[in-house]
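Hi,

Here is the structure I promised to hand over. Please open it and keep it beside this email as you read.

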Amino acid sequence: MPVTIRHLTHIYDVDTPWEIKALDRIDLIIMEGGVFGLVGEMGSGKSTLATLVAGLENPTYGKITIDGNSPRPGVNVGILFQQPEDFFFEKTLFRDMVSVLKNKGLTQEEIKLQIHSSLDMVGLDHQILDMSPIHLNRGTLRLAAFASVLAMRPKYLILDEPTASLDPHSRNKVIEIINKVSKDVTIIYISHRLQEIAAISDHMAVMEQGRIAFTGIWQDYVRWAVEQNKAGDLPVLNQVMIGLQHQGLDVDPAVNSLELAVEQVLRVKVP
Amino acid sequence: MIELDNIYFAYPSGKVLDGIHLKVNKGEYVGLMGQNGSGKTTLARLINGLLLPTRGAVRVNGISTLDRTRLLEIRRSVGLVFQNPDAQAVGETVEEDLVFGLENLGLPISEIDRRITEYLNLLGILELRNRNIRTLSGGQKQLVNFAAVMVMQPDCIILDEPVSMVDARHRKIVLQHIVQLNRNGTAVVHITHDPEELVECQKIIVISEGKIAVQGTPVEVFGQLLNERMLEVPTVFALSKQLGLSPNLTIPGLLEELCQLPSGT
Amino acid sequence: MIGKYVHGSSSIHKLDPRTKLVLMLGMSLVIYGASPAALLFLLVFVLLLSPASGMPVKRLLGSLRPVLLLFGIILLMHVLFTPGAPLLENLPFATVEGVWTGGIQVLRFILLIMYTSILIHTTSPSGLNYALMYFFRPLGTFGTDIAFMTGVAMTLIPDLFREITILKKAQTARGYRLRGIKGFTALVVPLLNRSFHRVDKLSDALESRCFHSGRRNYYYSRVLSGKDFFAGVVFVIIFISIFMV
């Protein structure tokens with residue numbers, strides 16, 4: 001059952017001089033399964049939408065339902081904020097992750113099992129549980145935070161810029177893990193990096209100034225971006241493909257990997 | 001004008017820079033590439049004296065950073081723009097932010113005024129002059145940070161991951177301005193983990209585990225990185241190599257070459 | 001929170017920040033020493049001043065909400081510990097005098113907060129910084145450095161509040177109930193962590209832009225106007241009336 005967002009409007013600081021409308025009559029349905037990509041610049045409202053869908057705040061107007069119920073953080077929906085490694089504060093990672101599960105009424109054994117299995121999901125050694133967050137590097141901590149929120153076993157998981165500030169190597173690792181995890185959890189992947197959205201999402205939406213500007217699949221997005229004269233914002237690979245299209249060649253502009261791009265070029269040119 | 005002479009630096013946590021020899025000449029555009037934790041951010045801070053080398057010396061226009069009495073001189077010659085657009089703002093409005101550095105230089109008010117207008121104009125953000133910095137987008141903030149350093153007219157600007165926290169549209173704009181800045185004579189040291197940002201550099205230095213792993217022109221360096229499967233290389237370069245074409249670095253270059261090729265399958 | 005600066009063009013906004021700072025200090029003295037009758041006058045005065053400065057009375061009263069608990073405690077203390085005639089039959093410790101002195105004390109606090117709210121509402125942080133710089137200048141390098149530090153700290157306050165909001169949401173999302181010592185730690189530790197990082201980065205940026213001890217703000221300058229003298233005169237009249245009558 002999907003996440004249904006109906007007529008969602010959210011205004012901060014209502015009736016004050018600092019009033020700001022972050023979301024404007026959003027209608028969106030996010031189906032269960034796979035990865036849903038959410039793209040938008042800063043100020044587009046994507047972080048506000050994430051917070052509301054995660055059940056951390058009540059919308060000013062409109063309704064969000066998850067499987068027909070309201071969103072409950074840690075129960076049916078989880079969220080991983082940006083730079084999540086900053087939020088650890090306990091002496092050991094284990095204590096942080098245990099707190100996360102304590103309120104769920106599980107036994108000690110069950111809690112341990114769940115924590116261990118989520119560490120396995122992200123490919124981390126169980127040893128780190130006994131370490132203090134101070135002694136671990138950012139990449140590892142981020143994966144640990146990921147495991148921490150997975151341990152709550154939410155049906156939907158919102159990831160807000162999970163690869164921010166990571167170098168290409170760590171980034172690829174995170175994306176690999178997300179792909180794996182998305183078989184059990186529906187991921188809502190928020191990013192401004194279109195290459196990642198292209199590589200990983202089954203469906204996507206683009207937000208602009210508090211409104212949904214586009215929903216659909218990546219292939220359609222590329223077409224839409226060209227129509228809207230926004231081809232310059234697309235990843236480099238796609239810009240090359242579109243350039244070839246302008247030369248009159250029949251190539252798929254929506255490739256999302258180097259291999260596919262090479263394939264497309266070799267269909268029409270002899271290097 | 002900037003010289004890192006056999007630098008050794010160690011953090012208490014154990015991370016180390018070992019035996020770094022680096023030279024940046026006047027007007028040069030140097031790219032510094034490496035993974036997170038390789039030590040590249042440390043280098044930025046070593047160059048303008050925020051950090052001091054444990055062994056070896058850092059010299060800016062001949063002045064060593066160890067000479068604390070001449071630190072201001074060094075910082076007048078070398079400006080530094082940091083990664084996080086939010087963590088650099090002084091003052092409330094854009095204008096106030098730019099005024100800060102110029103007041104530190106002791107320039108007359110008319111000159112301050114003139115420079116602010118000139119550089120805000122250059123970066124295309126003149127209309128933001130009286131805006132509150134906190135209301136700007138990340139990309140705009142970074143442009144303001146850039147302006148605040150440019151306005152002090154240093155001989156060299158170091159950019160520590162200048163666009164890693166900036167949205168796509170402003171990323172392009174900031175990168176264009178960096179290239180333009182260099183064309184106008186300012187030396188640039190561009191530090192990043194993203195090779196796409198460094199295609200216009202004259203020289204690229206790759207840092208790995210505290211040492212210089214590779215250095216040379218972009219084509220040389222990316223070629224080596226690709227062969228040794230070390231770090232990522234720009235998409236256009238990788239695509240060109242895969243297709244057996246010449247080592248292109250820009251989209252127009254690649255398209256041009258593809259255009260010349262015979263069609264067929 | 002006592003409130004935020006709101007850009008405006010009321011006559012209070014147009015006053016020089018130095019004037020407002022001095023008058024605020026003066027007003028604090030007046031509030032402290034005024035008789036109960038005078039306090040009522042000051043109350044009426046601030047309620048008239050509020051709309052004149054572009055702040056609706058409702059918001060002015062709203063600025064008291066965070067401190068209502070404090071007021072309650074102060075009142076309670078006075079009611080219980082002031083000697084005098086008992087208030088009620090079965091509460092021998094509670095006195096009528098206590099209610100009176102407690103009420104007056106609370107009224108002084110209320111006035112202090114309301115006047116400060118108007119000050120903050122009408123004076124930009126840069127303006128306040130300018131005023132501080134001006135008054136600290138006689139203290140030499142030390143003075144201007146302190147004033148600069150205060151100015152930077154003021155710009156960091158809204159960031160601090162934003163951090164707290166984000167942290168509350170993030171830790172709630174991770175399943176923490178923000179109550180008790182554990183809840184407090186869950187907020188305070190990351191907050192301090194992030195704050196130190198932020199300040200560290202900011203100081204790097206300041207140093208990189210050639211900050212040096214003793215640097216002065218001189219680009220912006222202000223001139224006192226007729227309005228400022230008028231405000232000063234009004235204050236002197238109030239001062240004299242309250243302490244002579």
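Below is what was found, after a word on conventions.

This is a predicted model: local features need pLDDT of at least 70, side-chain atom pairs count only at pLDDT 80 or more, and totals for chains, interfaces and linings use all residues. Residues are numbered from 1 along each chain as its sequence is written, while chains are lettered from A and ligands numbered from 1 in the order in which they are written.

Start with the sheet in chain A. Three strands (DSSP runs of E, at least two residues, numbered from the N terminus) make an open, antiparallel sheet, ordered E2-E1-E4. Strand E2 (20-30) and strand E4 (61-66) of chain A each have a single partner strand, so one side of each has no neighbour in the sheet. From one strand to the next, the twist averages 20° (axes are lines fitted to C-alpha atoms; angles run from 0 to 180 degrees between N-to-C directions).

Strands pair if DSSP finds at least two bridges between them. Strand E1 (residues 3-12) of chain A has seven bridges to E2(A). In one of the pairings, A:Thr4 is matched with A:Ile29 of E2(A).

Now chain C. Its domain assignment (automatic or from a database) gives domain 1 (11-123 + 222-244) and domain 2 (139-208). The centres of these two domains of chain C, taken over C-alpha atoms, are 30 Å apart.

Finally, the contact between chains. 15 residues of chain C touch 18 residues of chain A (C-beta atoms, placed from the backbone, within 7 Å). On the chain C side, H9(C) gives the most, with six residues (helices are DSSP runs of H or I, at least four residues).

Best wishes

Note on methods: Contact = placed C-beta atoms within 7 Å.
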